[in-house]
Structure formats: structure tokens, C-alpha cells
Amino acid sequence: MNYGRKTPSTYRSNPSVYSHTTGRSSTNLHTVKSRSTRSVRIPWYQRPILKNNQYIDIQKSALLIGLFAIFLALFTIGTAIFDIYCLAMAAPGSTHYGYYIISYEFVYVGNKHVRHMLIVFALFSLILGTIVLFTSILLVVALRKEYERKILPWLWTFAIFTIWRTLALLFFAIVNDLYFAYNALITFLWSLFVLISIYGWCVVYSLFLELADLTKLEDLAHLRFTTINSYIPGKLISS
């Protein structure tokens, strides 16, 4: 429960750079959290993978990852459409007339089952890239307003997207001839993108856990405050 409030981050003692509410002290909330979690064993999957230090600012890094995810989704959509087009144009037995800007020598034309798998990887990459594009836009909005529940769709879709693109990268690098510049460039770029995607997912997931913990503390504080307010008038009446 959020009670209509935006949730500031607990990473620093200063108010969040993205939140518009600055009335609450995140230092106090961090102190309460440290005291309340000492005797509670937290599962490994609920522990932040990354934390703030002198080299990493989780809040700013998460926002940059959101912008990177938008770029990556657009890049995936563009390359997937291009790959499907090239595989269709270079299909064995097809005849073309006229002049063409590019040559299709770099396109795989061997085993038909392998070609079909390349088309499947490109088609599903197109679909997942479109989904990631929308969830990434939602992620950027959620990070600026610190709504942790709106981060969840991106965490799920981007994890599936990264796993799928890792498999597609391995298959693409094995079956295609890396002698051609396009194949070598795509292999290099996606190797870099996969590494950034894994790191970026860890950053956003760590921020999500911190925001979720803070929301639980806010709910607990609101419950205690409500209980005290209901207890004091009853005590005064009885006295």
C-alpha cells in the first residue's frame, strides 16, 4: 500500500533526486530498516545484488539502463526486420531482377532447418523487442516517480529478452560466416549488449528491492500510527 505517496529512495541520507516529496527523512527509515532486519533472515533472492559505493550510483545507473533498454529494443527491432528480409531475399532457388544496394553473400543459405531457426530467432526477437520497448518506457517513468510495482514488468520481460538474445547470439555466431563484416559486427555488438543487459538488470533489481523494502516500512509505520491514534481517544474516554 502506498497511500498516494511517492516513495523516496533509501540509498542516501539526502532526498531522492527523482522524487518530488522531500518531507521525510530517509536516514531514519534506513535506521529502522537496519534494526528491524537484524533478527530476520532475508532470502538470498531478496538481497540487493549491487549497492551504492564511490563508483556506482544505483539510482542514476538504473535510469541510464532504462534509456539503454529503449535504444536496445529499437536496435533489436531494426536488425530483426533486416535479418528476416535478407533471409527471405536470399532463399535458395529465388530469382531477383534489377539492381540492389546490398549484396546477400553474407546471408546463410545452407541447411533449410538452420535457415528456419534463424528466421524464428529473428521473429521472436522482433516480438520481444517490441514488448521491451513499451516496458522500458514504463520503467523510465516508474524510476522517475519511484513506483516499484511498475518496475516488475520490465524485470520479467528484460530477463526473458536477455536470455533469448544470448541463445540467438550463440546460434548466429556458430552458423554464420564471421568473415563478412556484418556478421562479425553483429556478433561483437550483441556480445557487448548482453553483458550490459545482465549488469543493467542487476542494477534495476537491486533498486527495486530497496524501494519495496521502504514501502513495507511505510506501511508498518502507517499501521502503528493508526493503532496509536485509535488507542489514545479510547483511553481518554475511559479515564
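Trainee: Which residues does the UniProt annotation "transmembrane region" cover?

Mentor: In this predicted model, the annotation from the unreviewed UniProt entry covers residues 62-90, 118-142, 154-174 and 180-208.

Trainee: What is the chain like over residues 154-174?

Mentor: That stretch is 100% helix and 0% strand, with its end C-alpha atoms 30 Å apart. Over residues 180-208 the chain is 97% helix and 0% strand, and there the end C-alpha atoms are 42 Å apart.

Trainee: Let's turn to how helices pack. Why are H2 and H3 called roughly antiparallel?

Mentor: Helix H2 (residues 58-89) and H3 pack at an angle of about 155°, and their axes are 8 Å apart. Angles over 145 degrees count as roughly antiparallel, so H2 and H3 earn that description. As for handedness, H2 passes H3 in a left-handed crossing.

Trainee: Now the aromatic rings. How many aromatic pairs does the structure hold?

Mentor: The structure holds 15 aromatic pairs. One of them is Phe121 with Trp164.

Trainee: Why is the pair of Phe121 and Trp164 called tilted?

Mentor: The ring centres are 4.9 Å apart, and pairing needs centres within 6.5 Å. The planes stand at 45°, and stacked needs under 30 degrees while edge-to-face needs over 60, so this pair is tilted. The pair also links distant parts of the chain: Phe121 belongs to helix H3 (residues 112-145) and Trp164 to helix H4 (residues 152-175), 43 residues apart.

Trainee: How do you know whether Phe121 is buried or exposed?

Mentor: Its relative accessible area is 11%, and buried means under 20%, so Phe121 is buried.

Trainee: What makes the pair of Trp201 and Tyr205 stacked or tilted?

Mentor: For Trp201 and Tyr205 the angle between the planes is 10° and the centres are 5.0 Å apart. Planes under 30 degrees apart count as stacked, so Trp201 and Tyr205 are a stacked pair. Both residues lie in helix H5 (residues 181-238), four residues apart, about one turn of the helix.

Trainee: Why does Trp201 count as partly exposed, and is Tyr205 buried or exposed?

Mentor: Trp201 has 24% relative accessibility, which falls between the 20% and 50% cut-offs, so Trp201 is partly exposed. Tyr205 has a relative accessible area of 16%, under 20%, so Tyr205 is buried.

Trainee: Which residues form one aromatic cluster?

Mentor: Phe68, Phe71, Phe75, Trp154, Phe158, Phe161, Trp190 and Phe193 do. Trp190 has a charged companion too: Arg165 lies over the face of Trp190, at 4.1 Å from the ring centre.

Definitions and conventions
Residues numbered from 1 in each chain as written. Predicted model: local features only at pLDDT ≥ 70, side-chain atom pairs only at ≥ 80, totals over all residues. Heavy atoms only, no water. UniProt positions renumbered as here; feature names shortened; annotations may be inferred. Helix = DSSP H or I, 4+ residues; strand = E, 2+ residues; numbered from the N terminus. Phe/Tyr/Trp six-rings, centres within 6.5 Å; stacked < 30°, edge-to-face > 60°. Buried < 20%, exposed > 50% of the residue type's maximum accessible area, 1.4 Å probe, protein only. Lys NZ or Arg CZ within 6 Å of the ring centre and 35° of its normal. Axes fitted to C-alpha atoms, helices over the stretch in contact; angles between N-to-C directions. Parallel < 35°, antiparallel > 145°, perpendicular 65-115°, else oblique. Left-handed = near helix turned anticlockwise from the far one by under 90°.
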